[in-house]
Amino acid sequence: MKIAIGCDHGGFELKEAVREYLEQEGIGYKDHGAFSTDSVDYVPIAAKAARQVAAGEADYGILICSTGIGISIAANKVKGIRAALCTNEFCAEMTRRHNNANILCMGGKVVDRETAVKLVKIFLHTEFEGGRHQRRISQIAQIEEESLAQAFHGKFAAEEKKNVFVLDHPLIQHKLTFLRDMSTGTKNFRELVSEIATLMCYEATRDLPLMDVETVTPMQKTVTKMIAGRKLAFVPILRAGLGMVDGMLNLVPSAKVGHIGLYRDHETLKPVEYYNKLPEDMAERDVIVLDPMLATGGSAVDAITIVKRSHPKSVKFLCIIAAPEGIEVLTKEHPDVQVYCAAVDEKLNDNGYILPGLGDAGDRIFGTI
Ligand code: PRP
Ligand code: URA
């Protein structure tokens with residue numbers, strides 16, 4: 001067994017008592033400090049010890065500050081950490097049995113040396129009960145996953161109020177450069193649209209909820225993750241959206257595909273509907289509407305309105321290039337719809353084409369230029 005220990009000045013003396021106990025018992029440990037009663041910040045010490053536990057390099061952690069509160073709050077910010085502040089033997093036992101706590105926190109001004117050693121002994125030698133408690137631990141882990149997804153979304157939100165996420169992954173940006181290039185031929189253009197769709201799909205599905213499942217590896221039984229029963233539907237806007245479908249299905253082969261046929265009237269720039277075929281069970285599905293281009297926003301707004309008539313669970317819109325004008329219109333008409341794009345370009349020209357853009361996406365995909 002290996003233990004990560006740490007403290008600040010207020011917990012130093014108690015940590016020394018814990019250290020002596022570990023040495024007596026022949027239990028290995030890594031001491032992350034502090035090494036005296038000189039004032040130090042507990043946060044980096046908590047982070048180092050907690051990361052060692054989270055990485056599986058230590059079985060448990062023991063952290064001590066004056067009250068145990070600050071150092072436990074800090075440790076609990078590390079993903080995978082369940083740090084429990086304990087003041088008595090009952091808490092030390094129950095937090096292992098029910099919470100599968102992996103770090104014991106104590107207050108140097110709250111418990112005496114003898115009690116601290118008792119709590120450590122109980123903590124290190126009490127087994128987790130599993131069962132219904134595993135379900136609760138999984139629910140805690142789910143909160144962590146959701147927080148990470150939110151942080152991810154926050155990072156890419158073009159504007160906080162708008163539900164717009166610009167996916168600036170280097171691979172997407174690199175491929176987009178070739179997609180824009182007027183010398184890129186039809187075959188390469190089509191492949192690039194598909195590859196970009198795959199990369200964007202990966203990011204746009206980041207918030208899919210997971211559930212725990214029991215798996216038997218050749219070595220042992222273990223608990224692993226699966227997507228929690230979400231059903232997806234991809235709805236390309238014809239024609240150009242078709243170019244994104246295979247790329248999306250590469251990652252989610254079980255998704256159903258609906259089609260909405262719209263073309264922009266060249267005079268009015270307004271979308272005209274000519275085809276509509278959606279899966280029957282749309283009410284059970286999370287939908288991602290696909291179109292490489294969001295220009296005036298007319299096509300996307302109409303397609304999403306059509307999709308919403310079938311009452312899907314949620315709708316996202318995935319495009320490759322968006323014009324600011326299109327984002328404005330789409331987020332105003334459908335504020336609940338998250339918009340994912342690889343770039344927000346400068347503006348539209350008088351004919352409603354995106355600048356610098358890539359030209360007419362449908363024509364370039366199907367070679368009808
Ligand atoms: C393009 C594009 C979008 C639409 C975007 O389709 O694929 O569907 O224009 O423009 P908007 O935001 O101003 O509505 P287009 O009408 O050229 O039809 P196509 O896909 O059949 O070529
Ligand atoms: N549709 C396209 O295909 N390209 C644009 O720039 C605008 C609308």
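Here are short questions and answers on a predicted model.

Visitor: What kind of model is this, and how are residues numbered?
Guide: The model is predicted, so local features need pLDDT of at least 70, side-chain atom pairs count only at pLDDT 80 or more, and totals for chains, interfaces and linings use all residues. Side-chain values use heavy atoms, without hydrogens and water, chains are lettered from A and ligands numbered from 1 in the order written, and residues are numbered along each chain from 1.

Visitor: Which helix gives the largest share of the largest nonpolar core?
Guide: A nonpolar core is a set of buried Ala, Val, Leu, Ile, Met, Phe, Trp, Tyr and Cys residues joined through side-chain atoms within 4.5 Å. Buried means under 20% relative accessible area (1.4 Å probe, protein chains only). This core has 38 residues, and Leu 179, Leu 318 and Ile 320 touch the most other members. Elements giving two or more residues include helix 7 (170-180) and strand 9 (231-238), but the largest share, eight residues, comes from helix 8.

Visitor: Which residues of helix 1 are buried?
Guide: Helices are DSSP runs of H or I with at least four residues, and strands are E runs of at least two, numbered from the N terminus. Helix 1 covers residues 12-25. Strand 1 (2-7) and helix 5 (113-125) are among the elements covering its buried residues. Those buried residues are Phe 12, Leu 14, Lys 15, Glu 16, Ala 17, Val 18, Tyr 21 and Leu 22.

Visitor: What residue follows helix 1?
Guide: Helix 1 has 14 residues and reaches 20 Å from first C-alpha to last. The residue after it has a positive phi, near 70°. That residue is Gly 26.

Visitor: How much of the accessible area of ligand 1 does the protein cover?
Guide: 15 residues surround ligand 1 (a heavy atom within 4 Å). A polar side-chain atom of Ser 299 lies 2.5 Å from a ligand 1 oxygen, and a side-chain N or O atom of Arg 239 is 3.0 Å from an oxygen of ligand 1. Alone, ligand 1 has 490 Å² of accessible area (Shrake-Rupley method, 1.4 Å probe). The protein covers 91%.

Visitor: How much of ligand 2 does the protein bury?
Guide: The residues around ligand 2 include Arg 264, Met 293 and Tyr 353. Backbone N or O atoms of Ile 354 and Ala 361 each lie 2.8 Å from an oxygen atom of ligand 2. A polar backbone atom of Gly 359 is 2.8 Å from a ligand 2 nitrogen. Taken alone, ligand 2 exposes 240 Å², and the protein buries 89%.

Technical notes:
Buried < 20%, exposed > 50% of the residue type's maximum accessible area, 1.4 Å probe, protein only. Polar contact = N/O pair within 3.5 Å; in protein donor to acceptor, adjacent residues only side chain to side chain. Expected span 1.5 Å × (residues − 1). Contact = heavy atoms within 4.5 Å.
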